[in-house]
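The following paragraphs offer a guided reading of one structure. Please consult the sequence and the model as the description proceeds.

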Amino acid sequence: MAKTIWFPILKWLVSLSLLTWLYLSIDWPAFLALLTQANPVFLILGLLLTVLNTLLCAYKWKLFLKADQLDQRLGYLFISYWIGSFVSLFLPSNIGGDSYRIVDVGARTRQGVRSFTSVFADRLTGFIALSIIGLIGGALGYARIQRVEVILILLAFAALLTVLLILTLDPRWMRLFLRLSRLNRIAAVEKAHLSFSETLRAYGHQPGVLVQTLLLSFAFHWIYITIVYCYSHFLGLDLDYLNVVLFIPIIAIFEALPISVYGIGVRDTAYVFFFSLAGLPAEQALALSFVFVVSNVLYASLGGIWLLMRRGQTATR
């Protein structure tokens with residue numbers, strides 16, 4: 001019970017401490033000037049691209065579900081993904097909303113483990129694409145920044161991802177873990193493991209699905225990078241697109257860590273640190289992070305309206 005209470009409090013403390021430190025150290029007049037002189041056209045473009053990305057993610061998720069004979073309407077998955085974005089506002093890291101998607105489709109299909117596996121595969125292919133784009137950006141942009149630690153972060157993430165792939169895709173490792181931990185003696189755990197493995201095999205037997213989902217993941221992250229670039233133009237920043245390609249994958253890795261609420265604080269600190277390597281002043285990098293977070297919160301909040309509508313529909317049945 002103590003861990004349940006203190007862990008969320010600790011995340012809020014991390015977020016608030018980082019935000020306090022950042023906002024006390026910036027040039028406020030310069031920060032406010034950026035916000036008051038902004039061009040709304042690029043903000044609208046960024047929001048439209050965010051909607052497009054939600055649609056791409058929903059379609060990728062649909063492909064995984066269809067490969068496992070759990071096909072769902074694209075419109076339903078689109079709204080579920082949007083609601084998941086809203087739920088993420090209150091959970092650790094920026095991927096906490098995945099829990100809502102698992103429960104939502106799991107309840108709809110009565111296949112909780114297979115629903116979890118579809119979301120897991122969706123997120124995993126996204127991380128694979130993110131890692132590859134990050135390594136490409138690192139290779140192209142290293143000459144500009146000459147900071148080996150940036151490349152080491154990307155290589156470490158790629159290595160961890162490779163280990164995760166090996167442990168996940170080779171069922172022998174999971175069986176070994178269950179046997180050593182004696183969890184295989186619990187019937188529910190063993191049943192869940194078998195269902196998880198069967199679903200992964202179903203994906204593996206359909207290479208066309210894997211190719212399509214990876215391509216969609218690449219498209220998502222390129223659009224995500226372009227959204228940040230649009231917001232930089234919204235603020236009138238002189239930011240090169242290659243620098244965005246280089247730093248955004250690294251920042252995305254940090255904001256996915258479950259050490260703060262919705263990545264707040266961690267994301268902002270990463271923006272200031274990494275974009276300063278490209279010569280961007282702290283107040284400009286922080287303003288860019290601020291616009292990104294506020295626009296995402298506003299967009300995700302609409303998911304809360306969809307959630308209320310769904311509950312209202314359920315209540316009237």
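The model is predicted. A convenient point of entry is its second largest pocket, which is lined by 21 residues. Leu124, Leu169, Leu200, Tyr203 and Leu210 are the lining residues that lie nearest the centre of this pocket. The space within the second largest pocket amounts to about 340 Å³.

Several helices contribute to this lining. At least two residues each come from α6, α7, α8 (171-181), α9 (187-204) and α10 (207-234). The greatest contribution is that of α9, which provides 7 residues. Sorted by class, the lining of the second largest pocket comprises 14 nonpolar, 6 polar and 1 charged residues.

Two of the contributing helices, α6 and α7, also merit attention as a pair. Helix α6 covers residues 112-145 and helix α7 covers residues 148-169. How do the two helices lie relative to each other? Their axes come within 9 Å and cross at roughly 155°. An angle over 145 degrees counts as roughly antiparallel, and α6 and α7 are therefore roughly antiparallel to each other. The crossing in which α6 passes α7 is left-handed.

The contact between these helices involves many side chains by name. On the α6 side, the participants include Phe120, Leu124, Phe127, Ile128 and Tyr142, while those of α7 include Val148, Ile151, Leu154, Phe157 and Thr168. In terms of class, the contact of α6 with α7 has 18 nonpolar and 4 polar residues, with no charged residues. Leu124 thus appears in both settings: it belongs to the α6 contact with α7, and it is among the residues nearest the centre of the second largest pocket.

Key: Residues are numbered from 1 along each chain as its sequence is written. This is a predicted model: local features need pLDDT of at least 70, side-chain atom pairs count only at pLDDT 80 or more; totals for chains, interfaces and linings use all residues. Side-chain values use heavy atoms; hydrogens and water are left out. Axes are lines fitted to C-alpha atoms, for helices over the stretch in contact, and angles run from 0 to 180 degrees between N-to-C directions. Helices (H or I, at least four residues) and strands (E, at least two) are DSSP runs, numbered from the N terminus. Angles under 35 degrees count as roughly parallel, over 145 as roughly antiparallel, 65 to 115 as roughly perpendicular and the rest as oblique. A crossing is left-handed if the near helix is turned anticlockwise from the far one by less than a right angle, and right-handed if clockwise. Contact means heavy atoms within 4.5 Å. Ala, Val, Leu, Ile, Met, Phe, Trp, Tyr, Cys and Pro count as nonpolar, Asp, Glu, Lys and Arg as charged, and the others, Gly among them, as polar. On a 1 Å grid over the protein atoms alone, a cavity is a set of points where a 1.4 Å probe fits but cannot get out, and a pocket is an open set with protein on both sides within 12 Å along at least five of seven lines; lining residues have an atom within 4 Å of a point. Grid points are joined across faces, edges and corners, and a volume is the space filled by probe spheres set on the points.
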